[in-house]
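Biologist: Could you take me through one part of this model slowly? I'm a first-year, so please keep it plain and pick a single helix to dwell on.

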Amino acid sequence: MISKWNYLPLTTEEQRLETGLATKFASCPPVSELLVQRGIRSVEEAEKFFHPALSDMHDPYLMPDMDKAVDRLNQAMGSKQRILVFGDYDVDGTTAVALVYKYLQNFYSEIDFYIPTRYDEGYGISRSVIDNAAANGVKLIIILDCGIKAIDEIAYAKTLGIDFIICDHHVPDEQLPQAAAILNPKLEGSTYPCPHLSGCGVGYKFMQAFAISNGLDPHDLEGMLDLVAVSIAADIVPMVDENRIMAYHGLRRINSNPNMGLRAIIRTCGLANREITISDVIFKIGPRINASGRMQSGREAVELLVARDIKETNQRAVAIDQYNKDRKELDKRITEEANAILDARGESLAQKKSIVIYNKSWHKGIIGIVASRLTELYYKPSVVLTLANGLATGSSRSVQGFDIYKAVDSARDLLENFGGHTYAVGLSLKEENIPEFTRRFEEYVAANILPGQLTPQLDIDAYLTFSEITPEFISMLRKFNPFGPGNQKPVFCTRNVLDFGTSKLVGRQLEHIKLELVDDTSGKVLNGIAFNSAKHFDYIHSGKPFDICFTIEENKHHNAPPTVQLLVKEIHTGTAKS
């Protein structure tokens with residue numbers, strides 16, 4: 001599917017700001033434009049952006065209810081009450097549980113953790129978990145990356161003498177649970193400066209406040225920022241403000257002295273002896289942690305992340321790696337089955353603005369990935385459902401700019417449960433409600449989605465010539481890391497490039513092009529790779545000029561100089577111009 005290429009020139013005010021920054025970055029003109037696009041207004045702000053400082057993190061007590069949360073935790077520990085740390089089975093939840101449990105274990109022994117199984121217990125806290133906690137004398141449950149909608153369950157726990165501290169970041173409803181404290185930067189009326197923390201990030205702020213209240217050195221927590229960085233990358237929260245600071249320092253930790261469990265995963269997935277980036281976390285480390293909860297039990301991921309024995313971590317990492325391999329096989333099969341169903345819909349699918357698909361035999365742990373694949377392929381908001389514990393249970397994913405949470409919320413009376421973010425929502429409903437949900441979901445999407453949101457978009461940050469891609473520019477570009485929503489990896493466009501004469505088809509089915517390119521601004525030959533672009537090869541090989549949209553990638557290995565490659569996202573040939 002050919003994307004629409006968008007380039008938004010700087011406004012008059014932005015041009016003025018760029019001129020001010022250009023005095024500092026005169027040797028790399030595109031840098032000033034990239035900074036202004038990211039809201040940087042001065043040289044001083046640019047220095048802070050390039051060197052994120054832990055000292056610029058926010059006071060955890062700015063978050064509503066933080067004093068209540070710390071007081072209740074201190075009371076529990078002072079009274080020797082049993083504490084349970086509970087969390088979701090995904091990456092964000094398991095890293096959050098590992099962080100809070102591991103930190104508190106340094107000071108307190110009457111503490112345990114619990115991760116529900118995706119298949120037997122489902123998402124969030126349940127009465128059976130509460131009953132089991134009560135039977136084991138638990139008086140306080142710290143619930144992470146979920147809980148903001150557990151109104152009935154927390155009310156029930158209260159009758160058994162169990163309090164909850166909720167550490168969540170999902171969108172709350174108007175009615176809130178009767179918890180001892182609710183830590184959620186998205187609460188209505190919250191003025192916490194960084195509203196888009198991950199669930200693990202909320203847990204980190206809680207532990208910061210706990211440390212401060214007890215005269216402990218909060219800097220000791222910085223050794224656990226690797227877990228926060230993994231959660232930020234995997235949960236795709238905005239890479240701005242405090243998130244960017246924690247991800248920056250967490251990545252440094254991952255590359256220098258990571259958590260023992262993370263180190264075992266790094267070895268298992270072939271990342272040892274090379275610089276690890278946010279992309280590596282998203283595509284290699286995160287999926288392996290997630291695979292534990294998808295294929296078996298998220299508890300195994302936490303056990304890996306809190307383990308202190310090298311042999312144990314290696315064994316657990318190997319097991320989780322196998323879960324990931326099994327997950328890939330299931331993912332491939334179910335995606336193929338889903339595509340076959342959608343292909344059979346033919347014209348009716350083409351006329352609709354959304355996708356809702358149901359198969360009761362599909363593996364519950366994979367449907368979120370399948371929803372992402374369908375959204376990418378058809379570029380429509382997608383809901384994928386399967387049968388679990390007597391309910392149609394599913395995941396939804398959205399296209400850029402469209403709030404799928406509101407779309408699902410529009411049919412909330414048909415749902416048993418739902419929750420999530422702007423771009424991803426989990427939901428469950430009775431089987432008999434699927435047809436009506438499908439109709440109403442499509443009705444909402446058709447009425448609210450903009451035509452441009454149904455077409456893939458490539459936003460261009462800057463036009464570059466090859467002469468501008470200098471070692472100094474590459475060095476400056478490196479300082480824009482870590483990348484993520486709100487600070488995406490810059491996408492560039494170069495017009496009228498030519499094949500040097502040595503580009504060739506590669507891949508098992510010769511589906512990719514290994515490019516060697518030149519333009520008319522310099523004599524340098526730049527290497528690139530264009531995946532699944534073989535259809536353009538004859539045109540490229542003919543010697544005619546074409547336009548490319550790309551990111552600049554660096555392959556860095558320890559003790560070796562980095563190599564630069566253009567990752568070509570799309571090629572426009574002939575009259576197919578942006």
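Modeller: Here is a close look at one helix, followed by some salt bridges and a sheet elsewhere in the chain. Keep in mind that this is a predicted model.

Let's start with helix α4, which covers residues 66-78. How far apart should its two ends be? With 13 residues at 1.5 Å a residue, the helix should span 18 Å, and its end C-alpha atoms are indeed 18 Å apart, so the two agree.

Next, which residues of α4 are tucked away? The buried ones are Met66, Ala69, Val70, Arg72, Leu73, Ala76 and Met77. They take up an arc of only 165° around the axis, so they sit on the same side of α4. That fits a general rule: an α-helix has 3.6 residues a turn, so residues three or four places apart point the same way. Turn to the face pointing away from the buried side and you meet the exposed residues Asp71 and Gly78.

So what covers the buried residues? Among the elements doing this are the strands β2 (82-87), β4 (138-144), β5 (163-167) and β6 (181-183), along with the helices α5 (91-105) and α8 (199-213). Just past the end of α4, Lys80 takes a positive phi of about 60°.

There is a salt bridge here too: Lys68 pairs with Asp65, with the closest N and O atoms 3.6 Å apart. Lys68 counts as partly exposed because its relative accessibility is 46%, and Asp65 is also partly exposed, at 22%.

For contrast, look at helix α14 (residues 310-345), where Arg327 and Asp331 lie four residues apart, about one turn of the helix. Their side chains meet in a salt bridge, again 3.6 Å from N to O. Here, though, Arg327 has a relative accessibility of 9% and so counts as buried, and Asp331 is buried as well, at 4%. Buried means under 20%, so both pass that cut-off. Also in α14, Glu336 and Lys332 are four residues apart, and their closest N and O atoms are 3.0 Å apart in a salt bridge. Across the whole structure, a search finds 30 salt bridges.

Last stop, the sheet: it is open, with five strands in the order β7-β8-β9-β11-β10 and mixed pairing. Its edge strands are β7 (355-358) and β10 (415-420), each pairing on one side only. Strands β8 and β9 run antiparallel, joined by seven bridges, and Leu385 has Gly394 in β9 as its bridge partner. Helix α16 (residues 367-378) lies across β7, β8 and β9, at about 45° to β9.

Key
Residues are numbered from 1 along each chain as its sequence is written. This is a predicted model: local features need pLDDT of at least 70, side-chain atom pairs count only at pLDDT 80 or more; totals for chains, interfaces and linings use all residues. Side-chain values use heavy atoms; hydrogens and water are left out. Two strands pair if DSSP finds at least two bridges between them. Helices (H or I, at least four residues) and strands (E, at least two) are DSSP runs, numbered from the N terminus. Contact means heavy atoms within 4.5 Å. Axes are lines fitted to C-alpha atoms, for helices over the stretch in contact, and angles run from 0 to 180 degrees between N-to-C directions. The expected span of a helix is 1.5 Å times one less than its number of residues. Buried means under 20% relative accessible area, exposed over 50%, partly exposed in between (1.4 Å probe, protein chains only). The arc is that of the directions from the helix axis to the C-beta atoms. A salt bridge is a side-chain nitrogen of Lys or Arg within 4 Å of a carboxyl oxygen of Asp or Glu.
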